[in-house]
Amino acid sequence: MNTATTDIAITKAKTSKITEVDFDNLTFGKVFSDHMLVCDYKDGSWQAPKVVPYQPISLDPSAKIFHYGQSVFEGMKAYKDANDDVWLFRPLENFKRLNISSKRLAIPELPESYFMDGLKTLLEVDKNWIPTKAGSSLYIRPFIFASGKGFHASPADEYKFIICTAPSGAYFSGKVKVLIEETYSRSANGGVGFAKAGGNYAGQFYPTQLAVAKGYQQVIWTDDTNHEFIEEAGAMNIFIRINDTLLTGPTSDRILDGITRKSIIDIAKAEGIPVEVRKITVSEVVEAAKNGSLKEMFGAGTAAVVSPISGFGYQGVDYDLPELTETYADKLKKIITDIQTNKSEDPFGWRVKL
Ligand code: PLP
Ligand code: COI
């Protein structure tokens, strides 16, 4: 990454919490590094970002985030290699998507330098927080929310852009069993499904709780019209292998354009795996499960990386996936994490050094 050009004031924490952290047993997103980046939008423009100690924030009870949910976020990771060099994976894609999300939520777009230089400065300050153990990384959470006051249901006049980071281990501890959703919808045409808007996740919690009560870990969302097409997993895009072909649905108004998803598609193609990006019907997946041609299902996302699915439930019937010795999921996960962590060549030019 180029040297930061934005002037970013740094206030260091008086004491570090790093010695309290068990880096060998990290869970996902539960402990937070010493500092955060904060940038305020007021008087019609984004003010200079600054790095400050990680701390609670004070907001007016009428702040519009609380009432109208005007908020967007991103998810990224930083990796440290054996030489202590720090790497990011396609960070510009996160920046661009944050602004795509912001635009849909009527949040003012952020200048690229504030995001990229802010991120770089924050990571340099908290470099020691980046775990090195295989499977762990520093999870990075950039987010923007409406801090402006008032009950009028209209866009706020003030916003906060914050980046905080959390040394993290795996998002899921093992394979996940999923339920194909037939009643609730995550998103609709013309809606905000393609945006990384906080409310998209809130809307998933109740249907997911119902699925969890039935013994599943995740919901597979289907289209809102007839629940006929497989669309997305809770916080992941979804891939399905039928015979030797890898399928994933096309992005749309309703589906997040995942950076892991598009990277997996490119890697799979480069590996000679037949890939089809097309609408996938629930009925073809059920049929494939019945006739034995359904080989694998897995989710893909920054937090979850590549997460194999052990089976799915649909209309009261559970379908188990076969236990294969060699899977596309394992192969693709290894290739993408080797690129991310600087363990292999990066033929796609995705890795960015801090
Ligand atoms: N779909 C949803 C709803 C998500 O929340 C995520 C996570 O970010 C993804 C897909 C995967 O996107 P990415 O690979 O960019 O993290
Ligand atoms: C990510 O994969 O980074 C996400 O944002 C998913 C999140 C909801 C945990």
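Q: Which residue has a polar side-chain atom 2.6 Å from an oxygen atom of ligand 1?
A: Keep in mind that this is a predicted model. Five residues come nearest to ligand 1: Lys-196, Tyr-201, Glu-232, Thr-260 and Thr-302. Side-chain N or O atoms of two of them sit at other distances from a ligand 1 oxygen, 2.7 Å for Lys-196 and 2.4 Å for Tyr-201. The one at 2.6 Å is Thr-302.

Q: How much of the accessible area of ligand 1 does the protein cover?
A: The side chain of Tyr-201 puts an N or O atom 2.4 Å from an oxygen of ligand 1. On its own, ligand 1 has 380 Å² of accessible area, and the share covered by the protein is 97%.

Q: How many charged residues are in the shell around ligand 1?
A: There are 16 residues around this ligand. Sorted by class, six are nonpolar and six are polar, and the charged ones number four.

Q: Which helix and which strand each supply at least two residues of the shell around ligand 1?
A: Thr-260 is among the residues that come nearest to ligand 1, and the helix spans 259-270. The strand covers 294-301. The pair you're after is α5 and β17.

Q: Which residue has a polar backbone atom 2.8 Å from an oxygen atom of ligand 2?
A: Lys-196 also contacts ligand 2, but through a polar side-chain atom, 2.7 Å from an oxygen. Thr-302 does use a backbone N or O atom, though at 3.4 Å. The backbone contact at 2.8 Å belongs to Ala-303.

Q: What share of the accessible area of ligand 2 does the protein cover?
A: A backbone polar atom of Ala-303 is 2.8 Å from a ligand 2 oxygen. Taken on its own, ligand 2 has 290 Å² of accessible area, and the protein covers 91%.

Q: Where does ligand 2 lie with respect to domain 1 and domain 2?
A: The residues around ligand 2 include Phe-73, Tyr-139, Lys-196 and Thr-302. Domain 1 runs 9-168 and domain 2 runs 176-340, and both give residues to the shell, so ligand 2 lies between them.

Q: What is the space taken by ligand 2?
A: Around ligand 2, the shell has six nonpolar, two polar and two charged residues. As for the space that ligand 2 takes, that's the largest pocket.

Technical notes. Residues numbered from 1 in each chain as written. Chains lettered and ligands numbered in written order. Predicted model: local features only at pLDDT ≥ 70, side-chain atom pairs only at ≥ 80, totals over all residues. Heavy atoms only, no water. Near = heavy atom within 4 Å. Polar contact = N/O pair within 3.5 Å; in protein donor to acceptor, adjacent residues only side chain to side chain. Areas by Shrake-Rupley, 256 points an atom, 1.4 Å probe, with all protein chains shown as cover. 1 Å grid on protein atoms, 1.4 Å probe; cavity = no way out; pocket = protein on both sides within 12 Å on 5 of 7 lines; lining within 4 Å. Sits in = over half its atoms within 2 Å of the grid points. Nonpolar A, V, L, I, M, F, W, Y, C, P; charged D, E, K, R; others polar. Domains from an automatic or database assignment. Helix = DSSP H or I, 4+ residues; strand = E, 2+ residues; numbered from the N terminus.
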